[in-house]
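Dear colleague,

I am handing over the structure below and would be glad if you could look through it alongside my notes on its charged side-chain pairs.

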Amino acid sequence: MKKRTALLAVLATMVLLISAFAGCGKKGSTEPTKTPDTTLTPTTEAEKPTDTPTNPPAEKLTIPVAALKGPTALGMLKLMEDAEAGTTANNYEFTVAGAADEITAGILKGDIPLAAVPCNLASVLYNKSQGGVTMLGINTLGVLYIVETGDTIQSVADLKGKTIYSTGKGTTPEYTLVQLLKSAGLDPEKDVTIEFKSEATEVAALLSNAEDAVAMLPQPYVTTVLNSNEKVRIALDVTKEWEKLNDNSTVVTGVVVANTKFLNENREAVEAFMDEYAVSAAYTVEHVEEAAALSEKFDIFKAAIAKKAIPYCNIVFIEGDEMQSKAGAYLQVLYEQNPAAVGGAMPEDSFYFKR
């Protein structure tokens with residue numbers, strides 16, 4: 001009986017304890033206990049941390065660029081101006097050299113990664129360096145003209161029996177003239193007399209002192225002669241006559257090249273340069289007066305001469321397959337006359353850059 005009474009007392013005590021604990025859970029509220037919401041809410045733009053890292057713009061490269069003081073530099077005038085203003089894709093440092101030998105070593109070494117040079121010189125450098133130079137585009141077609149003090153030359157055939165004064169013996173002007181004569185069915189050694197002078201000023205003097213002199217000169221010397229001697233007239237555009245007599249071929253004076261190692265390591269930068277060069281070349285052709293002023297500013301030609309010469313300089317920017325077709329055909333003509341003119345061998349396909 002005592003055991004039963006004790007057991008009942010223990011059970012009563014447990015009931016009281018359970019009731020007390022239950023009461024603590026309900027104190028001050030009749031709502032059930034809520035589970036904290038752990039769902040993530042998207043962060044708005046205004047709430048994003050201000051120190052979130054962003055991708056910085058690509059750093060501009062500083063790229064030396066060279067050209068010769070002549071027609072091959074005219075296509076980059078606007079590019080030179082934009083580079084000076086700091087608005088180009090990269091920072092270009094321009095050099096305008098008086099002679100090719102001032103820049104050839106730099107091109108081969110990579111000190112001058114980009115340059116505008118004569119077409120045949122590009123091939124010579126390619127062969128000399130075993131592929132160390134790559135052609136990016138043609139920037140100047142023919143700049144040679146036949147001028148006379150009379151009015152007897154209307155076609156290449158009319159040159160028969162004439163004495164033609166010119167500069168550039170052993171270089172591309174001679175090879176171009178010889179090919180032009182042959183294309184018209186003339187024998188350069190029998191049907192004409194070609195007299196080479198060392199300076200264009202000598203040729204200009206001969207034109208001034210003769211009544212029926214004939215000469216072949218490049219721009220801008222043609223313009224200079226025309227300005228100083230009203231008796232002189234342009235008889236033939238050598239480029240147009242060449243194209244009439246040689247299917248799918250033209251005269252290629254200047255090209256843009258890259259050091260191949262630099263090109264391989266900085267392809268994106270080189271392609272950006274090509275795009276900017278194309279725009280610059282078009283600007284020279286379409287805005288002659290402004291381009292002429294830039295020509296004088298960058299010490300290439302005086303503005304008055306450049307203004308008259310630019311329309312006759314065949315400024316272009318031709319790349320890709322068309323570049324290879326035109327430059328390759330012209331180099332082949334030079335090679336057939338004198339392999340040394342192109343460096344001893346015709347350049348391989350790798351010489352021509354294609355995007």
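A residue is called partly exposed when its relative accessible area falls between the buried class, under 20%, and the exposed class, over 50%. Lys69, with a relative accessible area of 42%, is therefore partly exposed. Please keep in mind that this is a predicted model.

Across the whole structure, the search finds 15 salt bridges. In one of them, the side chain of Lys69 meets that of Asp299 at 3.6 Å, N to O, and this pair links distant parts of the chain, since Lys69 sits in the loop between β1 (62-68) and α2 (77-85) while Asp299 sits in the loop between α11 (288-297) and α12 (303-309), 230 residues apart. Asp299, at 53% relative accessibility, counts as exposed.

A salt bridge within a single helix is formed by Glu265 and Lys261, with 2.8 Å from N to O; these two residues are four apart in helix α9 (residues 260-265) and are therefore separated by about one helical turn. Glu265 is exposed, with a relative accessible area of 53%, and Lys261 is likewise exposed, at 54%.

Arg355 and Asp275 also meet in a salt bridge, at 2.8 Å, N to O. Because Arg355 lies in the segment after α13 (320-337) and Asp275 in helix α10 (residues 267-286), the pair ties together parts that are 80 residues apart in sequence. Both partners are partly exposed, Arg355 with a relative accessible area of 44% and Asp275 with 42%.

Finally, Glu81, Glu84 and Lys297 are joined into one network by salt bridges that share partners.

With best regards

Key
Residues are numbered from 1 along each chain as its sequence is written. This is a predicted model: local features need pLDDT of at least 70, side-chain atom pairs count only at pLDDT 80 or more; totals for chains, interfaces and linings use all residues. Side-chain values use heavy atoms; hydrogens and water are left out. A salt bridge is a side-chain nitrogen of Lys or Arg within 4 Å of a carboxyl oxygen of Asp or Glu. Buried means under 20% relative accessible area, exposed over 50%, partly exposed in between (1.4 Å probe, protein chains only).
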